[in-house]
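Thanks for coming, everyone. Please have the sequence and the model open while I talk. I'll start with one residue and work outwards.

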Amino acid sequence: MAELPKTDDLHNEEEDALIVLADISGYTAFLRENRMALAHASVIVRDLISTIVDVIEAPLEVNEIEGDAVLLFALKEGKSEEEWEECKKHLGKTLTELIKAFHSRVDEHIALNMCSCNVCANIPNLELKIVAHSGKVVCYRVGQFKKLTGFDVIVAHRLLKNNVGSNRYILLTEPARDDVFSQRRCILLNTRNTMMILVR
Ligand SMILES: [Zn+2]
């Protein structure tokens, strides 16, 4: 019989990480549509997900695609303070780059799509929400799959259930803000009317 894992080992495996969720909104409305519309929705969302994935660069990694959201993370473990300062330059840029790339791609879909189904007519309403939180994660492997778990991963998911009156924003918790930006300030984005929100 295989040996059972010791539960107290779990805490030792916790690593500091930045957790990011990029969530496409305006998609679930399609789920009640007919089969053809659903097929169009899945083609469009798949394309937008790959647009998001293409923007990702180290230290951010794609962990999982969760329906119409992408779970990303950057491990801080093993990086010196200087190295992480260097990472911040990429992280802040990557988050804004995600919004830009997403909406440029949406614009291309609008320009090229000739279909009149409800899904295709709804493309202009697709938006990208980004939430970021920093904390502890447990990263483990099951076969070829890398799984990210931990309380702070749940916190990141909960951040998507908020009362922000917009579907276009980057929402950061304070620890995430400190991990993403060098200065202790939150910049307001001029990018595509995107709101930058800080959660205390
Ligand atoms: Zn269509």
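Is Ala-69 buried or exposed? Ala-69 has 22 other C-beta atoms within 10 Å, so this residue is buried. Keep in mind that this is a predicted model. Ala-69 sits in strand S3. Which residues does Ala-69 touch, leaving aside neighbours within four places in sequence? They are Leu-21, Ala-22, Asp-23 and Ile-24. Take Leu-21. Ala-69 and Leu-21 are 48 residues apart in sequence. In space, their C-alpha atoms are 6.6 Å apart.

Now the whole chain. The chain has 6 helices and 7 strands. Along the sequence, the order reads α-β-α-β-β-α-α-β-β-α-β-α-β. There are 200 residues, and 29% of them are buried. Next, look at contacts between residues at least 6 apart in sequence. Of these, 73% join residues at least 24 apart.

On to the core. The largest nonpolar core holds 42 residues. Which of them touch the most other members? Leu-18, Ile-19, Val-20, Ala-22, Phe-73, Ile-130 and Ala-132 do. Several elements each supply at least two residues of this core. Among them are strand S1 (14–25), helix H2 (35–55), strand S3 (69–75) and helix H3 (81–112). Strand S4 (127–142) and helix H5 (151–159) are also on that list. So are strand S6 (169–173) and helix H6 (174–180). S1 gives the most, with 7 residues.

Pick out Leu-18. Set aside residues up to four places away in sequence. Leu-18 then touches Phe-73, Ala-74, Leu-91, Ala-132, Ser-134, Ala-176 and Asp-179.

Leu-91 takes us to helix H3, where Leu-91 is one of the buried residues. The others are Thr-94, Leu-95, Leu-98, Ile-99, Phe-102, His-103 and Val-106. What covers the buried residues of H3? The cover includes S1, H2, S3, S4, S6 and H6. H3 has 32 residues. From first C-alpha to last, H3 reaches 46 Å, close to the 46 Å expected at 1.5 Å a residue. H3 also has a bend of about 25 degrees, at Cys-87.

H2 packs against H3. Two packed helices are described by the angle between their axes and the distance between the axes. For H2 and H3, the angle is about 150 degrees and the axes are 9 Å apart. The crossing is right-handed. Which residues meet there? From H2, they are Ile-44, Leu-48, Thr-51, Ile-52 and Val-55. From H3, they are Thr-94, Glu-97, Leu-98, Ala-101, Phe-102, Arg-105 and His-109.

Stay in H2 for Ser-50, which is part of that helix. Why does Ser-50 count as partly exposed? Ser-50 has 13 C-beta neighbours inside 10 Å, and a residue needs 20 or more to be buried, but 12 or fewer to be exposed. Ser-50 and Phe-102 are 52 residues apart along the chain, and their C-alpha atoms are separated by 9.7 Å.

Now a loop. Glu-33 lies between S1 and H2. Glu-33 counts as partly exposed because there are 16 C-beta neighbours inside 10 Å. What does Glu-33 contact, leaving aside neighbours within four places in sequence? The partners are Leu-38, Asn-118 and Val-119. Asn-118 is 85 residues from Glu-33 in sequence. C-alpha to C-alpha, the two are 7.9 Å apart.

One last stop, in the loop between H2 and strand S2 (61–66). Pro-59 lies there. Most peptide bonds are trans. The bond that joins Ala-58 and Pro-59 is cis, with omega at about 10 degrees.

To recap: Ala-69 is buried, Ser-50 is partly exposed, and S1 gives the most residues to the largest core. Thank you.

Definitions and conventions: Residues are numbered from 1 along each chain as its sequence is written. This is a predicted model: local features need pLDDT of at least 70, side-chain atom pairs count only at pLDDT 80 or more; totals for chains, interfaces and linings use all residues. A nonpolar core is a set of buried Ala, Val, Leu, Ile, Met, Phe, Trp, Tyr and Cys residues joined through C-beta atoms within 7 Å. Helices (H or I, at least four residues) and strands (E, at least two) are DSSP runs, numbered from the N terminus. Two residues are in contact if their C-beta atoms, placed from the backbone, lie within 7 Å. The expected span of a helix is 1.5 Å times one less than its number of residues. The bend at a residue is the angle between axes fitted to the seven residues ending there and the seven starting there. Axes are lines fitted to C-alpha atoms, for helices over the stretch in contact, and angles run from 0 to 180 degrees between N-to-C directions. A crossing is left-handed if the near helix is turned anticlockwise from the far one by less than a right angle, and right-handed if clockwise.
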